[in-house]
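Please open the model in your viewer and keep the selection panel at hand. The tour below proceeds from one selection to the next.

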Amino acid sequence: SHVWAHSFHCEKTREVLSKFDKIIYIIRDPRDAALSLSRYAFTPYHKKFFTAAQSTPEDFLNEKLIDMMNQWVRHVGDYLKHIQEYGFYVVFYERFLADFKHEISNLCRYLRLTLDKDEIDRIEKSVSVENLKQHNPHHVNRGQFGQWKDQFSGQQKKAALKMAGPLLNLLNYPEKDGDDRLPCLPQQLSVSELEKIMASTKRHFFVGRAKRYLQKRMASALA
């Protein structure tokens, strides 16, 4: 059996995770994740349960970008701080797209599973973008990475790097348009470094929220 969760690390995490012998933690570039969420917020399925305050995916992205970057740093940073304690296996979304067979082989070793070539081929086909879109067309879009390079404005790229840049750098994520490197874990993860990164992002987040609030107040007063 398995459990899929997006939960942040909290006081109950240790108790819950202790019930599982294998834990996989998936990391995706938050800039691409932000684009995906901004589109998903306006799908028919999502709109059944939630109503966005924004009118378009573009407005959603502009309004929520620093919030999403802050949440990513908090989520990833908190779990990476406990990687030794929980012994979980980190999967990078981008690496699976770049070389599925290599990554699935590494994952199988962690899970102590043995799969032959035909089984791996069947899995690869079942999780392909084409197949997943047939079953869930409103949730699966392109199945690509690095879309932020073409779809983020210059200002959005700067805002994302200001918020998440230090952790993106630590995980070897690209920071510029022409940079095509793939993410990876550093050889050593320092808890103190992660805490500094998270504290810096938190400060930038509150400053950004304050600026946004003042801009709205000024725009309202001038209207």
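A nonpolar core is a set of buried Ala, Val, Leu, Ile, Met, Phe, Trp, Tyr and Cys residues joined through side-chain atoms within 4.5 Å. Buried means under 20% relative accessible area, exposed means over 50%, and partly exposed lies in between, with a 1.4 Å probe and protein chains only. This is a predicted model, in which local features need pLDDT of at least 70 and side-chain atom pairs count only at pLDDT 80 or more, while totals for chains, interfaces and linings use all residues. Residues are numbered from 1 along each chain as its sequence is written, and side-chain values use heavy atoms, with hydrogens and water left out.

**The whole chain**

Display the chain as a cartoon: twelve helices and two strands should appear. These are DSSP runs numbered from the N terminus, with helices (H or I) of at least four residues and strands (E) of at least two. In sequence order, the pattern reads α-β-α-α-α-α-β-α-α-α-α-α-α-α. Along its principal axes, the C-alpha trace spans about 65 × 45 × 40 Å. Of the 223 residues, 35% count as buried.

**The largest core**

Next, select I27, M69, W72, V76, F88, L167 and L171, which have the most contacts inside the largest nonpolar core, a set of 37 residues. Then colour the elements that give two or more residues to this core: β1 (24–27), α2 (30–40), α4 (57–80), α5 (83–86), β2 (89–92), α11 (154–170) and α12 (191–222). Which element supplies the largest share of this core? That element is α4, with eleven residues.

**One residue within the core**

Centre the view on L167. A contact means heavy atoms within 4.5 Å. Leaving aside residues up to four places away in sequence, L167 touches W72, V73, V76, G77, L194 and I197. Across the chain, among contacts between residues at least 6 apart in sequence, 69% join residues at least 24 apart.

**A second core**

Now select V91, L107, C108 and I120, which are among the nine residues of a second, separate core.

**A last stop in a helix**

Finally, select D121 in helix α8, which covers residues 117–126. Is D121 buried or exposed? Neither term applies, because its relative accessibility of 24% makes D121 partly exposed. Add F100 to the selection: D121 and F100 are 21 residues apart in sequence, and their C-alpha atoms are 9.8 Å apart in space.
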